[in-house]
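Student: I should like to learn how to read the features of a structure. May we take them one at a time?

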Amino acid sequence: MTAGTLTLVSGESGRGHIRLAAAGVWTAENAGAIEPLIEAATRPIPSLKSISIDTANIERLDSFGAWLLERALRTWRDRECEANIVGLKDDYRGLFEKVHAATQKLPPPPKKRNSIVATLDSVGRTMVAVFDDLVLLAQMVGSVMTAFGRVLLHPSRFRFTSMVNHLERVGWHALPIILLITVLIGAILAQQGIFHFRKFGADIYVVDMVGVLVLRELGVLIVCIMIAGRSGSSYTAELGAMKMREEVDALRTMGFDPVEVLILPRILAIVIAVPILTLFGSLAALYGGGLVAWLYGGIAPEVFLSRLREAISMQTFEVGMLKAPFMALVIGVVACVEGLQVQGSAESLGERTTNSVVKSIFLVIVLDGFFAMFFASIGL
Amino acid sequence: MANAREPVIQVRDLVVELKSNRILNGVTLDVYRGEILGFVGASGAGKSVLTRTIVGLLPKVEGTIEVFGTNLDGLDEDQRRDIERRWGILFQQGALFSSLTVGQNVEFPMLEYLDISPKLMTEMAITKLEMVGLKPEVYRKYPSELSGGMIKRVALARALALDPEILFLDEPTSGLDPISAHEFDQLILTLQRTSQMAIFMVTHDLDSLYATCDRIAVLLDGKIGVTGNIDTMLASEQPWLKAYFHGARARVGQHGKQ
Ligand SMILES: Nc1ncnc2c1ncn2[C@@H]1O[C@H](COP(=O)(O)OP(=O)(O)OP(=O)(O)O)[C@@H](O)[C@H]1O
Ligand SMILES: [Mg+2]
């Protein structure tokens, strides 16, 4: 089969009439080759009064070919030249009519503004968005609190099963990876400490450093960062997908409060799980530190333990543990707020999930800073 | 034009299991060039599963599937692309790409398979959109801004983007108002007449079956129970078919296919 052709059969521009003949296969595959022919044929010819295209020899025509013919006709007609096609097979008539009926009236694209205005605009929008975010977070904390209050008044309304399910996923399933990472962090910390403290003959202080650092700061931070990446992101993705498929709207129309049904169990689960994980994570980090101190630094386990008892107090441990539920709340709330802001597209789901992880890690660290100031000012 | 009885799809003894449930149990079916095959069966009978298996989205346990005379097993990537370029699929839920505009959705297959100018591509996308009864304005909208019926139409426009030789339609008229559904039927008929397209249409819409289908195949208990034209269906004594075509919602003796 030959590709589509368009040839001049007869015509003198002087007499004002041209006759073209189209032949071959006028389909999508050949459209790229046919378009230049159409463009060549529609170059302006002054004094052209009428033109006709003979289509009897077209072997195959699809909507691409039909549109290209139609485009040529429209170009000529716009120049007030009579244009028509002759010899169109009956089979193709319906297709041609369909294409002919298309108005092609695409509204012009929205105008682009100049780049300075656009930059300022986007900076402004970002600032507003940051502010809106804070408002949304506060609102979410508020509605979670009211939902919690309602549930306390009517305990039978609490989705206990759902919470246990989330607790399993956020807590139990996260335990192995949390233990592994915190053991490693403790070990690295001890190794670095011993390596540098040895120069001053102060090896033993490594125990103080590991103990205080792990219990006050690192244990809870590492756990929170892991949980933000692991569970915060999955909260956002789950809620976002439910939002996309109108499941959240369905709940609302059935008279359920999505905050009570979907969000409260998730947030409670994370608030319960993070302190427990922090406890185990801190213990694992101490274990890792102790192991390295023994094998690499030659500090015997008994020495390590007795030094640890002197270096840290119950308060050190409490400071770390006290922070855990608040940080967990931040992660949970950010994840849920982001999830509920997902719009219709898959892209927005991905963007929100990224935002959820980035924002919650950022806020956890900011919160840690505030806690540091707070504890310093009350002398802990 | 090629022989009117040239089969474009030949399915032989197809067995499909999902999660060790046998959904299709020996389906044998031919679809011929230029015909509209209506495919009916109870909800959950496996119509969508059969469609998805033919186009290679679900694995089969046994049987062969030939499309354009080529067995789909053991094709290399290029051969498969050649075949995929020649069919268009309208999914039951539309399956538009949510992060692309309507225009980009329709242009997506063109961009992949055709070497044409951006101007022509835009014109073709708009032509297809107008062919399925949409206004050119939707070109810049996103799928989440469309109504259910509009999503169906955009999905059809995308399925038609490359002027396919086989068109799979999974419940194309569900969710359309009766006028649009009628226009849809007319569009399908035009497409079939003008381009000798084979159309494999899963539908529950009796009006569509009457108005468009040359042949109807019925999926019963994982097999093709009966095939034939609408008169065969109406005359059948098979209990499910009787209930289907003579039930409360059926209007027997309606307009046949013109
Ligand atoms: N991914 C899957 N995993 C397991 N089972 C499935 C899966 N998809 C479908 N099924 C089962 O296969 C059967 C056939 O489903 P299918 O979607 O093909 O029905 P259908 O005939 O298209 O129905 P409808 O007319 O309602 O669209 C159903 O019983 C369904 O539960
Ligand atoms: Mg289905």
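Student: Which polar backbone atom is 3.3 Å from an oxygen atom of ligand 1?

Tutor: A polar contact is a pair of N or O atoms within 3.5 Å. In this case the backbone atom belongs to Ala45(B), and its partner is an oxygen atom of ligand 1 at 3.3 Å. The model is predicted, so local features need pLDDT of at least 70 and side-chain atom pairs pLDDT 80 or more, while totals for chains, interfaces and linings use all residues. Residues are numbered from 1 along each chain as its sequence is written, chains are lettered from A and ligands numbered from 1 in the order in which they are written, and side-chain values use heavy atoms, without hydrogens and water.

Student: Which side chains have a polar atom close to an oxygen atom of ligand 1?

Tutor: Ser43(B) places a polar side-chain atom 2.8 Å from an oxygen atom of ligand 1. For Gln92(B), the distance from a polar side-chain atom to an oxygen atom of the ligand is 3.0 Å. The protein covers 62% of the 630 Å² of accessible area (Shrake-Rupley method, 1.4 Å probe) that ligand 1 has on its own.

Student: Which residues come nearest to ligand 1?

Tutor: A residue counts as near if one of its heavy atoms lies within 4 Å. Of the 14 residues around ligand 1, the nearest are Ser43(B), Gly44(B), Lys47(B), Ser48(B) and His204(B). Helix α1 (residues 47–54) of chain B gives the largest share of this shell, 3 residues; helices are DSSP runs (H or I) of at least four residues.

Student: How is empty space found, and what is the volume of the largest pocket?

Tutor: Rolling a probe the size of a water molecule over the atoms shows where empty space is left. On a 1 Å grid over the protein atoms alone, a pocket is an open set of points where a 1.4 Å probe fits, with protein on both sides within 12 Å along at least five of seven lines; lining residues have an atom within 4 Å of a point. Here the largest pocket has a volume (the space filled by probe spheres set on the points) of about 730 Å³.

Student: Which residues lie nearest the centre of the largest pocket?

Tutor: Among its 24 lining residues, these are Met244(A), Glu246(A), Gln93(B), Pro143(B) and Ile151(B). The helix α5(B) gives the most to this lining, with 4 residues.

Notes
Helix = DSSP H or I, 4+ residues; strand = E, 2+ residues; numbered from the N terminus. Polar contact = N/O pair within 3.5 Å; in protein donor to acceptor, adjacent residues only side chain to side chain.
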